[in-house]
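Dear colleague,

Please find below the structure I promised to hand over, together with my notes on what turned up in it. I would be glad if you read them with the coordinates open beside you.

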Amino acid sequence: MSTSSATAQPGELFAKKYKVGLGAGASLGGRRLFPASNPWNTRVDKAPVDPNSDALIASIGGSLHADFGANLDGKPFGIPYIVVKGSQKKVAVKFGYADESDKGKYPIPKNAPIEGGAKSTGDRHVIVVDRDKWKLYELYDARPVNGGKSWTAGSGAIFDLKSNKLRPAGWTSADAAGLPILPGLVRYDEVKAGNITHALRFTVARTQKAYVAPARHWASDSTDPNLPPMGMRVRLKADFDISGYPKQARVILQAMKTYGMLVADNGANWFVSGAPDKRWNDDALNTIKQVPGRAFEVVAMGAVAKG
């Protein structure tokens, strides 16, 4: 039986207003993750440059790489997510890092996609959006037990997408930096619409034992001040010409100019995270490999929390 507007819950009505879809890789219908004032959604195109920008950028080297696409070994690749209703049954999750994970049951459907697939030996992220309660559930090293009746995970985090509240200082999340993952992914629905209105997530090979807000956690033993701290934000320089790039690449590069990118984890240098989708044009995405790291600058960081 269909739910009428007279009996629908406020969250359900809001989801319908924005046409938030359901299922793996569903469109969010233009609805922003977190409030407009959230750091992920803050423009930085006019922000000052960090005084140590040149050294920090030089420590990364290399060029951009889209760590997502339509076809790797015959299937789309990236960090997947799934959108569920508020009525989705919640299951228990046992955490390896329980002291820094959000306790409680998570609304993980049995068909929730795992990063890299069911047999993956990688990060195995699982990301679930409750479109009615507008909450985000994220797991690292997620593994189903008894066909998904329960799960184990290295760590997990729950985010209220209506709030700007950060995790406790020093806490990880499903990501090394203690940040949410989904708000930093390049998603097909927004690129198709022609406009990304948030910062992106990327990795670097070497970081320092420090973090800067909105990050809350480090993952390094190095005290070298010329290495990026977790949460460091970079932006593509305003004078870098993106006019000749294909549309999918151009939309992504414009977001890097306007909202920048946040260091979220240790990994390959300049690897930009996105969600898998068979509609990506891999040839277009591969053109961002032409963008060198030196085309970026570090946005002024402010206070850096040392480890």
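Where is lysine 105 found? Bearing in mind throughout that this is a predicted model, I place lysine 105 in the loop that runs between β6 (93-95) and β7 (126-130). This lysine belongs to a positive surface patch, which Lys105 forms together with Lys89, Lys110 and Lys149.

The next item is the largest pocket, which holds about 750 Å³ of space. Its lining is made up of 34 residues, and those closest to the centre of the pocket are Phe77, Gly78, Ile79, Glu115 and Gly116. Three strands, β4 (75-77), β12 (200-204) and β15 (261-266), each supply at least two residues of this lining, and it is β4 that gives the most, with three residues.

Two details of the backbone also deserve a look while you have the model on screen. Aspartate 73, which sits in the loop between β3 (69-72) and β4, has a positive phi of about 55° although this residue is not a glycine; the strand that follows this loop, β4, is the one already mentioned as giving the most to the lining of the largest pocket. The other detail concerns the peptide bond from alanine 213 to proline 214, which is cis, with an omega near 15°, and here proline 214 lies in the loop between β13 (210-211) and β14 (233-236).

With best wishes

Terms used
Residues numbered from 1 in each chain as written. Predicted model: local features only at pLDDT ≥ 70, side-chain atom pairs only at ≥ 80, totals over all residues. Heavy atoms only, no water. Patch = residues over 30% accessible without salt bridge, like charges linked within 9 Å, V, L, I, M, F, W, Y side chains within 5 Å. Areas by Shrake-Rupley, 256 points an atom, 1.4 Å probe, with all protein chains shown as cover. Salt bridge = Lys/Arg side-chain N within 4 Å of Asp/Glu carboxyl O. Lys, Arg positive; Asp, Glu negative; His and termini not counted. Charge placed at Lys NZ, Arg CZ, Asp CG, Glu CD. Helix = DSSP H or I, 4+ residues; strand = E, 2+ residues; numbered from the N terminus. 1 Å grid on protein atoms, 1.4 Å probe; cavity = no way out; pocket = protein on both sides within 12 Å on 5 of 7 lines; lining within 4 Å. Points joined across faces, edges and corners; volume = space filled by probe spheres on them.
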